[in-house]
Amino acid sequence: MTDELANKAADFARELGETLAATLPQAPSVDVQAVNGQNTFIVQPSNPDGTVARVPLLVNGAKLAELSIVLYLDMDWTGTFLKNVRTDCAAYSVLDRQPLFRMDYRADMQSAPVAHWQFHAERGALTHLLSMAQAHRPKAVESPHMLSRLHFPMGGERFRPCIEDLIQFVIEECGVDAVPGWDRVVQAGRERWRRIQLRTVVRDLQLEAAETLVREGWTVTPPSNKGLTESAATLSRW
Amino acid sequence: MGEIRTTTSEALVAERAELLRTVGRDEASLRADAALGALAGDEWYALERLDAIAFLLGEPAFVAA
């Protein structure tokens, strides 16, 4: 574990912690866990004693649910940069400690969408559809009785939602308590996230970016020291 | 905030054993039920942490997709 990478992971945790503290009341600190000598990191809320913590979701001060957030950081393919390779977010009810819904991302996902929502709920009419479909396509529909087995795709690796989207969802759509001024923090964080994603997409599709800029009146000179390559794999995967 | 907590592989292996003891399950059956989406309340919590431990140990991480 190099100091530089560890510091980047710590910056990542600090930024997430500040966002949570400025949006959801009683949000715990966010820290980094790492194994000596390795360049993989787990970023998640934690208690002062280092144990895993969850973000309480309060309604009028009463804790009714909690949010679990776990971010996995690993080296990218160049072996140079830290990359968020997986994010697991889940809201749990205090009533039965079952997930209410989950927002997950895995860069190496093979069968399910790279980024997806899962809802732990049931709907009779949808179960009927899935049951009928299972009779004809059992591999596609393995568990027609469980809506939570469906992965609702949400933009793939590049255009997936950010943590700020989840925070705004629980505040505005689920009605949980918020820290005054939360909306400005969420908007700023979301813009920061989307700018980062935009830069990544531009790096993936440099010719496309150059052509767009030329159409807008820019003069763009391609680099002479390398051939133009395109990396569109993240755009076609669901 | 942003504190880096370093641990050892041995500590993580011990934590995994304690987690499984607490939920009264072996990891294979827990993951098999996770694949079916059929976990009890605290087992969801355990699975989350088991995945994080597997990742930190450099093991293939499984997912309850």
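In the predicted model, the side chains of A:Asp31 and B:Arg5 meet in a salt bridge, with 2.9 Å from N to O. This pair belongs to a wider set of charged links. Between chain A and chain B, the count is four salt bridges. Polar contacts were also counted across this boundary. They join 22 residue pairs, with both residues at pLDDT 80 or more.

Several elements of chain A supply the side that touches chain B. The helix α1 (3-21) gives at least two residues. So do the strands β1 (29-35), β2 (41-46), β4 (62-75), β5 (82-93) and β6 (99-106), each with at least two. By class, this side of chain A has 21 nonpolar, 16 polar and 13 charged residues.

The extent of the interface was computed next. In chain A, 50 residues are in contact with chain B, where 32 residues take part. The area buried between the two chains is about 3,300 Å². Carbon and sulfur atoms give 51% of that area. On the side of chain A, the residues that lose the most area to chain B are A:Gln33, A:Val35 and A:Arg97. Together, these three account for 16% of what that side buries.

Strand pairing also links the two chains. β1(A) pairs with strand β1 of chain B, which spans residues 4-7. The two strands are parallel and share four bridges. Within this pairing, A:Gln33 stands opposite B:Arg5. B:Arg5 is also the salt-bridge partner of A:Asp31.

Within chain A, β5(A) pairs with two strands, β4(A) and β6(A). β5(A) is mostly covered, with ten of its twelve residues buried. The pairing of β4(A) with β5(A) is antiparallel and runs over eleven bridges. One bridge sets A:Leu67 against A:Ala91 in β5(A). These two strands form a hairpin, with six residues between them. In the turn, A:Gly79 has a positive phi of about 75 degrees.

The pairing of β5(A) with β6(A) is also antiparallel, with seven bridges. Here A:Asp88 has A:Asp104 in β6(A) as its bridge partner. A hairpin is formed again, this time with five residues between the strands. A:Arg97 lies in its turn and has a positive phi of about 55 degrees. This turn residue also appears at the interface: A:Arg97 is among the three residues of chain A that lose the most area to chain B.

How values were computed. Residues are numbered from 1 along each chain as its sequence is written. Chains are lettered from A and ligands numbered from 1 in the order in which they are written. This is a predicted model: local features need pLDDT of at least 70, side-chain atom pairs count only at pLDDT 80 or more; totals for chains, interfaces and linings use all residues. Side-chain values use heavy atoms; hydrogens and water are left out. Contact means heavy atoms within 4.5 Å. Buried area is the accessible area (1.4 Å probe) that two parts lose on being put together, summed over both. A polar contact is a pair of N or O atoms within 3.5 Å; within protein, one must be able to donate a hydrogen and the other to accept it, and residues adjacent in sequence count only if both atoms are side-chain atoms. Ala, Val, Leu, Ile, Met, Phe, Trp, Tyr, Cys and Pro count as nonpolar, Asp, Glu, Lys and Arg as charged, and the others, Gly among them, as polar. Two strands pair if DSSP finds at least two bridges between them. Buried means under 20% relative accessible area, exposed over 50%, partly exposed in between (1.4 Å probe, protein chains only).
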